[in-house]
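Hi,

Here is the structure I said I would pass on. Have a look at it first, and then read my notes underneath.

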Amino acid sequence: MASLIYVVISSSASVRAYDKIDLDGLDLEGLDIDGTVTEDLGKSRDGSRTDDEVIQREEEAIQLDGLNAAQIKEIRDKSEKHAFQAEVNRMMKLIINSLYKNKEIFLRELISNASDALDKIRFLSLTDENVFAGNEELTVKIKADKEKNMLHIIDTGIGMTKEHLVKNLGTIAKSGTSEFLNKMAEMQTEGRSTSDLIGQFGVGFYSTFLVANKVIVTSKHNDDTQHIWESDSNEFSVIEDPRGNTLGRGTTVTLVMKEEASDFLEPETIKELIKKYSQFINFPIYVWSSKTATVEEQTREEAETDSQKKDEDATEDEAQVEDEEDKDKSDKLNFKKVEQTVWDWELMNSIKPIWQRAAKEVQEDEYKAFYKTFSRDSDDPLSYIHFTAEGEVTFKSILFVPAEAPPHLFDQYGSKMQEYIKLFVRRVFITDDFQDIMPKYLHFVKGVVDSDDLPLNVSRETLQQHKLLKVIRKKLVRKTLDMIKKIAEEQYTNKFWKEFGTNIKLGVIEDHPNRTRLAKLLRFPTSHSQTGLSSLEQYIERMKEKQDKIYFMGGTSRKAVESSPFVERLLKKGYEVIYLTEPIDEYCIEALPQFDGKHFQDVAKEGVWFDESDQAKGTREALEKEFEPLTTWMKDKALKDKIEHAVLSQRLTTSPCALVASQHGSTGNMERIMSAEAYQTGKEFDTKSSRRERKTLEINAKHPLIKEMLNRVNSNADDQTASDLAVVLFDTATLRSGYQLDDTKAYADRIERMLRLSMNIDLNQQIEEEPEEQNEEEVKTDEVEVKTDEVEGDSGAKRKEEL
């Protein structure tokens with residue numbers, strides 16, 4: 001069966017003309033139609049009669065089967081009238097208004113739709129060969145009729161039922177429309193081309209109204225009778241075709257062209273557009289075109305015979321031979337060379353599938369053209385790889401990294417997502433709807449996979465469970481990561497990482513077998529550079545001698561991280577710190593146990609120690625002993641039940657203290673991220689659990705506030721000011737370390753108390769009450785009294801002050 005399909009789609013350019021093109025004679029613009037066949041349609045205007053059999057078939061193909069103008073009017077009157085869905089109307093207007101400078105994309109979209117329809121019927125034929133009963137051809141044909149100002153795009157695909165015509169051409173999912181409109185508005189604001197969006201969102205059919213005043217779709221599905229769909233972009237109608245089944249199976253899209261779009265009726269224009277957009281479509285595309293050919297016409301002249309009567313005594317055999325010779329001489333043939341115009345279907349895409357060719361035979365421009373054809377993307381790919389995999393399973397593949405991330409790449413991450421890998425089995429397209437042919441974090445990769453080892457005659461669900469698919473997936477991932485690794489560093493940082501950096505981080509979290517490969521692709525901002533990004537390999541190359549850990553710090557922004565108390569000593573000593581400013585960054589690093597033998601150290605957690613000399617170590621131990629009364633007092637009295645313990649810090653230089661999480665605890669930044677995620681998913685974040693996880697308070701022994709607290713505690717352990725200062729410092733450290741306060745009102749009250757004391761204001765002094773409001777007469781009386789008091793000297797001034 002597969003070989004039969006291959007023969008069908010590999011047929012030569014000189015195939016029989018399409019037998020049943022419809023609607024060429026329909027009165028679409030008020031034309032006078034008498035139901036007769038237009039004479040010599042498709043022939044040259046000088047009346048050349050060459051290739052009469054082909055011309056005859058074309059004439060038969062477009063006849064109306066006896067329908068006259070009155071019958072056509074009756075058909076239209078009886079057809080079902082429908083209004084377009086509101087979203088479709090809005091979308092069509094936007095397409096027409098925004099893409100008027102790039103009208104040519106309509107042909108790309110119609111050919112792509114035809115190819116999809118052919119893919120579907122060929123896939124069904126794998127399990128039911130009877131689907132080809134109506135028509136065994138698998139082709140796309142394009143024919144222009146200048147005389148009637150029409151363009152026909154004919155395919156022998158799966159076709160559409162009446163329900164399909166109404167649903168597929170009259171409505172569209174609201175979510176898809178909304179995404180399309182939003183993305184188009186966004187790209188217009190940025191001044192970028194919007195033509196490639198049409199194909200991405202499946203609304204390509206409506207681009208026909210860029211060039212057509214009216215669109216007629218005639219379609220025959222194996223499960224229904226033939227129907228006609230017609231629209232002028234304001235409304236549409238559907239009716240059963242009274243001519244019956246003229247297509248066999250498939251769809252004909254007929255466009256009644258606008259006056260300014262007449263150039264698209266030129267065969268050369270059509271050919272150029274096919275070459276530009278659709279030359280790598282996997283089915284034959286034919287264009288009805290003409291060429292001038294020199295042929296020989298035969299003429300026959302009677303010549304006088306010069307044979308003479310032979311001797312009567314010649315034998316009977318000799319006489320017979322001489323009679324035959326005389327006959328040949330009497331019938332002389334003459335040949336005359338003439339130039340004539342020949343019309344026939346011309347094959348436009350005879351090139352072998354690009355992935356079946358050797359990589360060294362394919363030029364870079366061919367890869368780019370192929371990518372734009374099958375992906376419907378207007379930009380060149382960022383990178384590509386063409387390879388043949390051998391071993392347990394053999395397949396050929398071309399993979400591409402697009403220049404931009406697909407729209408809404410992470411909106412439905414984890415659920416069913418659009419696939420960009422097309423799976424072929426022995427050149428037969430199977431599906432692009434496999435959910436596991438690529439891991440989710442690589443869903444942006446586009447390409448084709450063609451294997452001879454997978455079974456053809458099974459359902460897609462069965463094929464999806466095939467063990468060889470797991471092998472294919474494994475090799476695709478390896479080749480994809482190799483392709484990404486080979487992108488030039490500047491292009492990788494400036495383009496790839498901006499578009500797909502989050503995908504690589506997700507890969508580190510999800511793809512354990514390839515974690516090491518993915519870790520080499522990570523890029524982060526660090527303290528080494530104010531603008532550039534660094535890889536982990538570059539970080540390790542710059543590590544200090546005897547440094548055994550990779551330091552990182554998470555925060556809301558680079559500025560927030562740089563000003564954090566946790567990085568003060570590290571930056572002062574010249575250690576490089578990786579800044580994690582994206583919500584996914586900490587999850588990514590936590591999923592990496594180590595890199596190149598170096599463990600990661602969150603500088604907001606316990607475990608930050610520096611290599612020190614014996615003298616420095618002795619000094620530190622002396623300070624710990626000196627400040628032991630303060631640290632013990634904080635833990636057991638002032639901050640009891642708030643901290644795990646208090647210690648002298650090695651990471652602080654200018655800040656008085658910081659709140660440090662345990663090695664397995666959550667930093668303030670991580671708690672913020674988890675709280676936001678819980679809110680987004682409608683769940684409640686357990687803040688109480690976080691608060692029960694007591695942290696370590698690290699204090700700076702060189703800070704004047706800490707020294708003063710030590711003096712006060714040594715003098716009087718019950719000093720209320722010292723206790724208040726300890727609580728305020730704890731709350732301040734909580735905020736600066738990224739955590740939330742349990743009681744913000746209590747914190748504000750303590751700050752106010754400290755301010756009153758610093759300004760010598762009585763702690764019990766109350767706020768003056770506001771005076772009661774006076775009516776207008778009382779206000780006037782007071783004004784008179786004030787004026788009188790102003791004249792009375794000192795007593796008046798005193799009264800005024802009181803007022």
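Below is what I found, starting with confidence and moving on to the parts that caught my eye.

Keep in mind that this is a predicted model. The average pLDDT is 78, and 73% of the residues score at least 70. Two stretches fall under 50: residues 1–51, for which the model still has 146 contacts beyond four places in sequence, and residues 795–803, with seven contacts beyond near neighbours in sequence. I would read both ends with that in mind.

As for the overall picture, the protein has 803 residues, of which 47% count as buried. It contains 28 helices and 23 strands. Among contacts with a separation of 6 or more, 75% are between residues 24 or more positions apart.

**The bent helix**

Which residue marks the bend in H14? It is Trp497, where the helix turns by about 70 degrees. The end-to-end distance fits with a bend: H14 covers residues 489–510, 22 residues in all, yet its end C-alpha atoms are only 25 Å apart, whereas a straight helix would reach 32 Å at 1.5 Å a residue. Trp497 itself is buried, and so are a number of other H14 residues, including Tyr492, Phe496, Phe500, Ile504 and Val508. The cover over the buried residues of H14 comes from several elements, among them helix H13 (467–485), strand E11 (395–401), helix H15 (515–519) and helix H19 (585–590). Strands E15 (524–525) and E16 (533–534) are also part of that cover.

**The cores**

Phe496 of H14 turns up again in the largest nonpolar core, which has 75 residues. Together with Leu399, Leu476 and Leu522, Phe496 touches the most other members. H13 supplies the largest share of this core, nine residues. If you want one residue to click on, try Leu476: leaving aside neighbours within four places in sequence, Leu476 is in contact with Phe387, Phe395, Ser397, Leu399, Ile437, Met438 and Val449. Another core, of 49 residues, lies apart from that one, and its members include Val88, Met91, Ile105 and Leu210. As a general point, nonpolar side chains in soluble globular proteins tend to be buried together.

**A hairpin early in the chain**

Strand E2 (residues 140–145) has five of its six residues buried. E2 pairs with strand E3 (residues 150–155) in the antiparallel sense over six bridges, and Ile142 has Ile153 in E3 as its bridge partner. The two strands form a hairpin with four residues between them. Asn149 is in the turn of that hairpin and has a positive phi of about 60 degrees. Asn149 counts as partly exposed because its relative accessibility is 24%.

**The four-stranded sheet**

There is an open sheet of four strands in the order E18-E17-E20-E19, with mixed pairing. Why do E18 and E19 each have one side without a neighbour in the sheet? E18 (577–580) and E19 (594–595) stand at the edges with a single partner strand each, so one side of each is left free of a neighbour in the sheet. E17 (residues 549–554) and E18 run parallel and are joined by four bridges; in one pairing, Tyr551 has Val577 in E18 as its bridge partner.

At the other edge, the loop between E19 and E20 (598–602) holds Asp596. Like the asparagine in the hairpin, this is a non-glycine residue with a positive phi, here near 55 degrees. Most residues other than glycine have a negative phi. Asp596 counts as exposed because its relative accessibility is 61%.

**An enclosed strand**

Finally, take a look at E23 (residues 695–699). Five of the five residues of E23 are buried, so the strand is largely enclosed by the rest of the structure. E23 pairs with strand E21 (residues 643–648) in the parallel sense over five bridges, and with strand E22 (residues 657–660) in the antiparallel sense over four bridges. Leu697 of E23 is a good place to see both pairings. Ala646 stands opposite Leu697, and Leu697 is also the bridge partner of Leu659.

Shout if you would like to go through any of this together.

Cheers

Definitions and conventions
Residues numbered from 1 in each chain as written. Predicted model: local features only at pLDDT ≥ 70, side-chain atom pairs only at ≥ 80, totals over all residues. Heavy atoms only, no water. pLDDT = per-residue confidence, 0-100. Contact = heavy atoms within 4.5 Å. Expected span 1.5 Å × (residues − 1). Bend = angle between axes of the 7 residues up to and from the residue. Buried < 20%, exposed > 50% of the residue type's maximum accessible area, 1.4 Å probe, protein only. Pairing = 2+ DSSP bridges. Core = buried A, V, L, I, M, F, W, Y, C linked by side-chain atoms within 4.5 Å.
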